[in-house]
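Me: I am new to reading protein models. Can we go through this one and ask what earns each label?
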Amino acid sequence: MDKPQMMNLVISVAILAVLAIFTSGVARTATSWRRNRRSPRLGAEVVVHSKQKQQHSHSPAECSVVFRLKNDEPIEFAVPEDVYEQLNEGDKVKIIFQGTKFLEFQPLSKQVSENP
């Protein structure tokens, strides 16, 4: 095999690898989306256990929150940044989710401020 044929082979293999990786990602996303759509919407009373925010340059922050169910089992969801900012560790909330997708939360207890 001469040099131009070898380069064509390497380029072809690289293109096929990139296409395979892209196709695999699209298939995983579609499968997850379909599974979530078929799952029932569920609600659970939980406590906010921990929060994590990863900021990447030139992209929105990736926020996740770990909640603790009543049986102390952890459940983690990716959440929008505005939800992330509203939640604090130790908060008692009701979450609504569908499959692996977080939908919303509702506070369970509000602190009442005392007027002097």
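Reply: Start with a definition: a polar contact is a pair of N or O atoms within 3.5 Å, one able to donate a hydrogen and the other to accept it. Keep in mind that this is a predicted model.

Me: What makes D2 a cap for α1?
Reply: A side-chain oxygen of D2 lies 3.3 Å from the backbone nitrogen of Q5. The cut-off is within 3.5 Å, so the pair passes. D2 caps the N-terminal end of the helix.

Me: How do you know what span to expect for α1?
Reply: Helix α1 covers residues 3–38, which is 36 residues. The expected span is 1.5 Å times one less than that number of residues. That gives 52 Å, and the model reaches 53 Å from first C-alpha to last. The two values are close.

Me: Why is I95 called buried?
Reply: Its relative accessibility is 0%. Buried means under 20%, so I95 qualifies. I95 sits in strand β4, residues 92–98. Its contacts beyond four places in sequence include L42, G43, F67, F77 and F102. G43 is 52 residues away in sequence, yet 5.5 Å away in space, C-alpha to C-alpha.

Me: Why is S64 called buried?
Reply: S64 has 15% relative accessibility. That is under 20%, so S64 counts as buried. S64 lies in strand β2.

Me: What makes the S64 and E76 pair a polar contact?
Reply: Their side chains come to 3.3 Å. The limit is within 3.5 Å, so the distance fits. S64 also touches F77, A78 and V79, among others.

Me: How do you know that β2 and β3 pair?
Reply: Pairing needs at least two bridges. These strands have six, so they pair, in the antiparallel sense. One of the bridge partnerships joins V65 to F77. The two strands form a hairpin with five residues between them. In that turn, D72 has a positive phi of about 75°.

Me: Which residues of β3 are on its covered face?
Reply: I75, F77 and V79 are on the covered face. P74, E76 and A78 are on the uncovered one.

Me: What makes a group of residues a nonpolar core?
Reply: The members must be buried residues of the listed nonpolar kinds, joined through side-chain atoms within 4.5 Å. The largest such core here has 18 residues. F67, F77, V79 and I95 are among those with the most contacts inside it. β1, β2, β3, α2, β4 and β5 each supply at least two of its residues.

Definitions and conventions. Residues numbered from 1 in each chain as written. Predicted model: local features only at pLDDT ≥ 70, side-chain atom pairs only at ≥ 80, totals over all residues. Heavy atoms only, no water. Buried < 20%, exposed > 50% of the residue type's maximum accessible area, 1.4 Å probe, protein only. Helix = DSSP H or I, 4+ residues; strand = E, 2+ residues; numbered from the N terminus. Contact = heavy atoms within 4.5 Å.
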